[in-house]
Number of protein chains: 2
Amino acid sequence: MKKYCFGIDVGGTTVKCGLFTTEGEVLDKWEIRTRTEDNGSRILPDIAETIKEKISEKELNRDEIAGVGIGIPGPVNENGEVPCAVNLHWGYVNIEKDLSEMTGLTVKAGNDANVAALGEFWKGGGAGSHNMILVTLGTGVGGGIIINGRIVAGSHGAGGEIGHAHVEDSVTEPCNCGNCGCLEQMASATGIVRLAKEALASTDAPSLLRGQEISAKTVFDAVKENDAVAIQIAERFGTYLGKALSIFSTVVDPQVIVIGGGVSKAGPILLDYIIRPFRKYAFTPSKNTEFALATLGNDAGIFGAAKMVI
Amino acid sequence: MKKYCFGIDVGGTTVKCGLFTTEGEVLDKWEIRTRTEDNGSRILPDIAETIKEKISEKELNRDEIAGVGIGIPGPVNENGEVPCAVNLHWGYVNIEKDLSEMTGLTVKAGNDANVAALGEFWKGGGAGSHNMILVTLGTGVGGGIIINGRIVAGSHGAGGEIGHAHVEDSVTEPCNCGNCGCLEQMASATGIVRLAKEALASTDAPSLLRGQEISAKTVFDAVKENDAVAIQIAERFGTYLGKALSIFSTVVDPQVIVIGGGVSKAGPILLDYIIRPFRKYAFTPSKNTEFALATLGNDAGIFGAAKMVI
């Protein structure tokens with residue numbers, strides 16, 4: 001009977017670590033530094049080391065450990081292989097095999113956004129559903145698709161990369177991915193700032209946003225104050241995202257769409273601006289798809305990583 | 001050891017039936033009439049009857065029959081329930097349970113487009129892949145999504161309903177679904193005729209298409225003759241479809257995209273017009289996703305239905 005599992009979330013500066021029961025209770029949470037030097041060759045040994053230390057410290061019986069799940073900031077294919085993780089300076093790594101050899105434990109690897117989606121599906125905004133789309137609105141737009149409780153990793157490790165759906169022909173400035181007009185350019189925190197600057201430049205109307213630093217937070221704060229220009233920005237943002245989500249729903253028809261990331265701190269009012277265009281453009285059977293805010297914050301990654309090995 | 005299975009494809013006028021080996025060899029193929037009278041109440045009993053007759057005729061041992069798969073023209077949810085099948089005048093039917101009671105065999109039900117996708121995945125254009133998008137270009141645009149060998153049915157039975165993705169804001173004429181600007185309105189056989197009429201009305205340029213009845217076939221026949229107006233129509237069609245497929249690929253990242261339906265009889269030249277915009281708009285890891293033409297034609301449904309019970 002397996003009682004415990006580890007959830008690891010590798011970021012550019014820190015590695016978040018969690019020790020869980022297989023029921024999903026957090027027994028311990030800690031962080032180590034991500035040593036990106038030497039092409040990231042120290043990262044997996046450091047993770048193996050901290051897991052071994054935790055097993056000793058907690059006096060865990062190895063036979064009771066289901067394994068180690070790990071989320072990585074880059075594409076991970078269906079076999080748990082990482083063709084390249086640019087942010088970590090890794091080349092090709094068979095992460096499941098390598099970390100398993102170092103720890104003596106079963107290892108499952110996934111893309112960090114997909115793994116966070118699995119976390120929200122298990123214990124967060126999507127708990128109790130079968131099929132879910134997670135959208136993470138931060139500096140970029142991330143995503144993860146869960147079908148029948150499993151991550152859709154994709155044949156090229158690009159499942160759930162919905163931030164790079166093409167949504168706007170008129171954009172000529174390239175996205176980080178090299179294409180132009182990606183959802184990420186319109187609906188991320190950065191995208192909201194872009195829309196805000198365009199809106200403020202297009203009118204002389206007074207606005208709480210004038211003369212202050214524009215961010216997704218200041219825009220939605222102004223929306224809450226009924227600022228007309230801010231509302232117009234929120235509507236444009238919501239139309240891009242709600243329309244895109246209606247298109248994604250014709251593909252996988254989720255039970256629930258969960259919105260997370262820093263922008264989601266704006267709260268339920270954010271959902272209003274996304275849901276209205278979603279309901280307009282969605283195919284009839286999907287029009288009443290549920291929406292929810294993510295609830296696990298930065299812990300979604302360790303929860304989802306742990307869930308991968310259960 | 002199960003040796004045989006039945007694949008049933010229910011259409012508005014005929015029910016296609018197939019007896020297969022579990023390896024996918026067709027042992028027999030036949031049709032019965034779809035009796036839509038009395039709210040379709042005769043359809044399942046008729047199917048049960050023809051299956052029983054075939055078992056007698058072929059002297060099959062019931063213990064060697066894996067079951068009956070059935071594709072239905074309407075939404076089928078993950079539990080095999082049909083909330084409504086408008087074309088058949090059915091109300092709510094628990095088709096798996098009802099047909100299983102009538103035949104004494106295991107029954108699995110699916111939406112017909114999804115089931116056809118499973119057929120192409122098993123023995124057609126997607127054979128050998130793990131993840132596939134099927135697009136069927138006929139009077140409408142149908143679709144089916146296969147992930148790890150399984151149909152994505154969706155939480156409201158609308159998985160793979162990609163024909164109803166919103167792709168064009170400027171359309172004011174409603175689609176059959178009630179929304180405006182669906183992919184089906186631009187990229188179906190009917191959509192191609194619409195694009196052709198618009199193109200011919202917008203220019204005085206000579207074209208082989210002038211003075212003849214416009215259809216998807218005549219348009220692609222003219223493309224093969226290097227007709228400039230026809231090429232322009234094909235490019236517009238291909239941009240709608242290729243761009244939409246690039247968006248769908250950010251969700252599920254398929255290994256292969258299979259194009260079927262009547263329009264696909266135009267052959268490989270059709271793929272050229274879809275692939276070019278797809279490669280332009282697709283997220284980098286997915287840019288080289290394979291494309292293939294469907295190969296099973298009208299038999300895709302019975303193949304996929306049979307595969308559901310294996």
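E96(A) is buried (under 20% relative accessible area, with a 1.4 Å probe and protein chains only), yet this residue makes no salt bridge (a side-chain nitrogen of Lys or Arg within 4 Å of a carboxyl oxygen of Asp or Glu). The nearest side chain of opposite charge, K108(A), sits 4.6 Å away; here Lys and Arg count as positive, Asp and Glu as negative, and His and the chain ends are left uncounted.

A quick word on the ground rules. This is a predicted model, where local features need pLDDT of at least 70, side-chain atom pairs count only at pLDDT 80 or more, and totals for chains, interfaces and linings use all residues. Residues are numbered from 1 along each chain as its sequence is written, chains are lettered from A and ligands numbered from 1 in the order in which they are written, and side-chain values use heavy atoms, with hydrogens and water left out.

**Around E96(A)**
- You'll find E96(A) in helix α2 of chain A, residues 95-103; helices (H or I, at least four residues) and strands (E, at least two) are DSSP runs, numbered from the N terminus.
- The side chain of E96(A) reaches the backbone nitrogen of A109(A) at 2.9 Å.
- Setting aside neighbours within four places in sequence, E96(A) is in contact (heavy atoms within 4.5 Å) with N79(A), G80(A), V107(A), K108(A) and A109(A).

**Around R194(B)**
- Over in chain B, R194(B) belongs to helix α5, residues 189-201.
- Once neighbours within four places in sequence are ignored, R194(B) has V171(B), E173(B), Q185(B) and M186(B) as contacts.
- R194(B) and I214(B) are 20 residues apart in sequence, and their C-alpha atoms are 9.3 Å apart in space.

**How the two chains pair up**
- A turn of 180 degrees and a shift of 0.0 Å along the axis lay chain B on chain A with an RMSD of 0.0 Å, superposed by least squares on the C-alpha atoms of residues with pLDDT of at least 70 in both.
- The two copies are therefore related as by a two-fold rotation axis.
- F248(B) comes closest to that axis among the residues of chain B, with its C-alpha at 3.2 Å.
- The copies meet through the same surface, because 100% of the interface residues of chain B are also interface residues in chain A.

**Two asparagines with positive phi**
- Most residues other than glycine have a negative phi.
- N39(B), not a glycine, has a positive phi of about 55 degrees.
- N39(B) lies in the loop between β3 (26-33) and α1 (43-57) of chain B, and is exposed (over 50%) at 58% relative accessible area.
- N148(B) also has a positive phi, near 45 degrees.
- The loop between β7 (141-147) and β8 (150-151) of chain B holds N148(B), which is partly exposed (between 20% and 50%) at 41% relative accessibility.

Key: A polar contact is a pair of N or O atoms within 3.5 Å; within protein, one must be able to donate a hydrogen and the other to accept it, and residues adjacent in sequence count only if both atoms are side-chain atoms.
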